[in-house]
Amino acid sequence: MEDLPDEALEEVAAYFQALSEPTRLQILNLLRKQERSVGELAQLCGYSSANISRHLTLLTQHGLVARESRGNSAIYSIADKSVYSLCDLVCGNIAKQFERKAKAQAAFTVAPPKRTKAH
């Protein structure tokens, strides 16, 4: 990102904003396995077709998803597979953060006192 003009930084921010919604990440994850129609994605995500269509439109505008018409259906697939490398990198980083937090919390966990046998 070094030396990018403000306009380019705005495009980068918009790209990340497209990835900032959990439903869109769910859609990308489903498309990672295979191409799907709006109806299939809606059913798998548990949302209306209209809702999924809005998300797909945004993902298409940012070049993440490709749309192909087949008969009366629109079929969506991944247009930019590099998004998975980015998401995997972020997921790995978040997992490391959780591990560090868990270790820090464990350091403050006090073991229960040992019981001694009464004679």
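Helices (H or I, at least four residues) and strands (E, at least two) are DSSP runs, numbered from the N terminus. The structure is a predicted model, in which local features need pLDDT of at least 70 and side-chain atom pairs count only at pLDDT 80 or more, while totals for chains, interfaces and linings use all residues. Residues are numbered from 1 along each chain as its sequence is written, and side-chain values use heavy atoms, with hydrogens and water left out.

Val 65 belongs to strand β2. With a relative accessibility of 3%, Val 65 is classed as buried, where buried means under 20% relative accessible area, exposed means over 50%, and partly exposed lies in between (1.4 Å probe, protein chains only). Accessible areas come from the Shrake-Rupley method with a 1.4 Å probe, and for residues only the protein chains shown count as cover. Between the C-alpha atoms of Val 65 and Cys 45 there are 17 Å, the two residues being 20 residues apart along the chain. A second buried residue is Leu 31, whose relative accessible area is 5%. Leu 31 is part of helix α2. Its C-alpha atom is separated by 22 Å from that of Val 12, and the two residues are 19 residues apart along the chain.

Ala 79 is placed in the loop between β3 (73–78) and α5. This residue has 47% relative accessibility and therefore counts as partly exposed. Ala 79 and Gly 63 are 6.3 Å apart in space, C-alpha to C-alpha, with their positions 16 residues apart in sequence.

Salt bridges were searched for next. A salt bridge is a side-chain nitrogen of Lys or Arg within 4 Å of a carboxyl oxygen of Asp or Glu. The search of the whole structure finds three of them. In one, Asp 88 pairs with Arg 32, and the closest N and O atoms are 2.9 Å apart. This pair joins distant parts of the chain, since Asp 88 is in helix α5 and Arg 32 in helix α2, 56 residues apart. Asp 88 is partly exposed, at 40% relative accessibility, and Arg 32 is partly exposed with a relative accessible area of 40%.

In another salt bridge, Glu 35 pairs with Arg 70, the closest N and O atoms being 2.7 Å apart. This pair also links distant parts of the chain: Glu 35 is in the loop between α2 and β1 (36–37), Arg 70 is in strand β2 (residues 65–70), and the two are 35 residues apart. Glu 35 is partly exposed, with a relative accessible area of 36%, and Arg 70 is partly exposed with a relative accessible area of 36%. Arg 70 also meets Glu 68 in a salt bridge, at 3.2 Å from N to O. Glu 68 counts as partly exposed because its relative accessibility is 41%. Glu 35, Glu 68 and Arg 70 thus appear as a network of salt bridges.Empty space was examined with a probe. Rolling a probe the size of a water molecule over the atoms shows where empty space is left. On a 1 Å grid over the protein atoms alone, a cavity is a set of points where a 1.4 Å probe fits but cannot get out, and a pocket is an open set with protein on both sides within 12 Å along at least five of seven lines; lining residues have an atom within 4 Å of a point. Grid points are joined across faces, edges and corners, and a volume is the space filled by probe spheres set on the points. The largest pocket has a volume of about 270 Å³. It is lined by 13 residues, of which Leu 19, Leu 25, Cys 87, Asp 88 and Cys 91 are the closest to its centre. At least two lining residues come from each of α2 (22–33) and α5 (82–107), and α5 gives the most, with six residues. The lining of the largest pocket consists of nine nonpolar, two polar and two charged residues (Ala, Val, Leu, Ile, Met, Phe, Trp, Tyr, Cys and Pro count as nonpolar, Asp, Glu, Lys and Arg as charged, and the others, Gly among them, as polar).

The segment before α1 contains Asp 3. Asp 3 is not a glycine, yet has a positive phi of about 65°. With a relative accessible area of 72%, Asp 3 is exposed. Leu 4 also lies in the segment before α1 (6–18), and is partly exposed at 36% relative accessibility. Met 1, Leu 4 and Leu 9 make a nonpolar surface patch of about 290 Å². Patches are made of residues with over 30% relative accessible area and no salt bridge, like charges being joined within 9 Å and nonpolar side chains (Val, Leu, Ile, Met, Phe, Trp, Tyr) within 5 Å.
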